[in-house]
Amino acid sequence: MHNCLTDIDLFPFNTLALPGRAARYLRVTEAKQLADSALGDRYRFILGGGSNLVLTDDFDGLVLHMAISGRELAGEDAEAWYVRAGAGENWHDFVQWTLAQGWPGLENLSLIPGTVGAAPIQNIGAYGLELAERFHSLVAFDMNSGQTVRFDAKACRFGYRDSVFKQEGWHLEGRFAITEVTFRLPKAWQALTRYRDVADELASRNIVDPDAQQVAAAVVAIRQRKLPDPALIPNAGSFFHNPVVDVVIADRLLAAHPGMPCYPQTDGRRKLAAGWLIEQAGWKGRDLGPVGMYEKQALVLVNRGGGTAADVAKLMQAVQRDVREKFGVELTPEPIILGAH
């Protein structure tokens with residue numbers, strides 16, 4: 001197979017810094033490499049930036065590390081710019097580039113770790129914006145059929161931190177390798193500042209009518225204050241989904257905990273803040289062995305040094321148990337769990 005390596009250490013390729021090895025590894029810089037690797041490996045995993053990944057064991061299949069670069073204005077009409085990027089582009093760098101070109105719309109998603117290709121799988125979101133709201137289409141290679149497939153927004157079936165790629169389990173099967181993504185950035189831009197953190201940060205800078213770059217700068221400042229740099233403190237970002245519950249459960253919890261953050265959803269349910277639940281359960285800044293929940297943001301699981309998958313599992317289960325006992329709410333992990341087949 002073209003440039004395929006064997007027995008590769010995956011430690012440098014996951015931001016939680018967990019040990020693990022891949023039986024086979026291919027760095028993909030061109031889509032045509034995927035056709036060569038589509039045959040012969042039953043088990044495949046598509047790796048992006050490794051920022052949303054928990055390695056539980058050695059992986060006895062093929063890791064396809066997406067490193068396809070490139071970014072361009074694919075077209076425009078009266079209402080929007082259509083901007084395309086290769087799957088291997090760093091997400092934050094891409095966002096900053098669009099803003100520098102004068103194409104606003106992604107600023108609230110600044111400083112989210114990972115790659116462009118991984119972003120639609122998770123339907124990344126932050127501070128009042130989800131990727132789905134700026135998505136146009138993507139191109140992926142179907143490793144099973146050997147065909148190139150185009151997905152529009154409807155085909156992606158986006159949900160909260162969710163897409164068809166997760167719903168069908170394709171991200172775990174390594175079936176679809178996303179090679180490029182096109183975004184629709186509306187020309188009728190409006191600043192999204194309804195999240196209190198963003199509004200407060202802008203107010204502290206005496207900015208009343210922010211432009212997109214000022215919103216981006218505010219988001220970056222907030223994230224840098226709250227979240228650890230993986231290069232300094234290994235982590236996988238937000239470790240649990242914010243749970244979405246029906247209104248009866250939300251009202252019951254609010255009656256018992258009047259200060260609980262609670263956000264109405266379009267389907268009538270309510271989204272709770274997992275970080276708040278974890279903090280109230282006593283886990284903010286608390287370690288269990290070499291891993292713990294970050295002292296500045298209880299939602300982030302950090303590896304203090306030498307942590308293993310077993311350590312992560314033990315902490316995850318302890319946090320889930322205590323939140324369940326205190327609130328009757330089940331937390332589900334956000335990262336992909338990868339191990340041997």
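Leaving aside its neighbours within four places in sequence, which residues is V319 in contact with? The first legend gives the answer; every view shows a predicted model.

**View 1. V319 and the largest nonpolar core.** Beyond the four places on either side of V319 in sequence, this residue is in contact with F240, I278, W283, M293 and L331. V319 belongs to the largest nonpolar core, which has 44 residues. Together with F240 and I278, V319 is among the residues with the most contacts inside this core. Helix α11, residues 309-327, supplies the largest share of the core, seven residues. Another core, of 43 residues, lies apart from this one. L129, L131, L192 and I222 are among the residues of that other core.

**View 2. Strand β10 and its two partners.** Strand β10 covers residues 135-142, and six of its eight residues are buried, so the strand is largely enclosed by the rest of the structure. With strand β12 (residues 176-186), β10 pairs in the antiparallel sense over seven bridges. Within this pairing, A140 stands opposite I178 in β12. With strand β11 (residues 147-152), the pairing of β10 is again antiparallel, over six bridges. Here S137 stands opposite D152 in β11. In general, strands of a sheet pair through backbone hydrogen bonds, either parallel or antiparallel.

**View 3. The turn between β10 and β11.** These two strands form a hairpin, with four residues between them. One residue of the turn, G146, has a positive phi of about 80 degrees.

**View 4. An open sheet of three strands.** The strands lie in the order β14-β16-β15, and their pairing is antiparallel. The edge strands are β14 (244-245) and β15 (262-264), each of which pairs on one side only. Strand β16 covers residues 270-272 and is joined to β14 by two bridges. One residue of this pairing to look for is V245, whose bridge partner in β16 is R270.

**View 5. The second largest pocket.** Rolling a probe the size of a water molecule over the atoms shows where empty space is left. The second largest pocket has a volume of about 180 Å³. Its lining is made up of 14 residues, and N90, H92, I112, P113 and G114 lie nearest the centre. Sorted by class, the lining has eight polar, four nonpolar and two charged residues.

How values were computed:
Residues are numbered from 1 along each chain as its sequence is written. This is a predicted model: local features need pLDDT of at least 70, side-chain atom pairs count only at pLDDT 80 or more; totals for chains, interfaces and linings use all residues. Side-chain values use heavy atoms; hydrogens and water are left out. On a 1 Å grid over the protein atoms alone, a cavity is a set of points where a 1.4 Å probe fits but cannot get out, and a pocket is an open set with protein on both sides within 12 Å along at least five of seven lines; lining residues have an atom within 4 Å of a point. Grid points are joined across faces, edges and corners, and a volume is the space filled by probe spheres set on the points. Ala, Val, Leu, Ile, Met, Phe, Trp, Tyr, Cys and Pro count as nonpolar, Asp, Glu, Lys and Arg as charged, and the others, Gly among them, as polar. Buried means under 20% relative accessible area, exposed over 50%, partly exposed in between (1.4 Å probe, protein chains only). Two strands pair if DSSP finds at least two bridges between them. A nonpolar core is a set of buried Ala, Val, Leu, Ile, Met, Phe, Trp, Tyr and Cys residues joined through side-chain atoms within 4.5 Å. Contact means heavy atoms within 4.5 Å.
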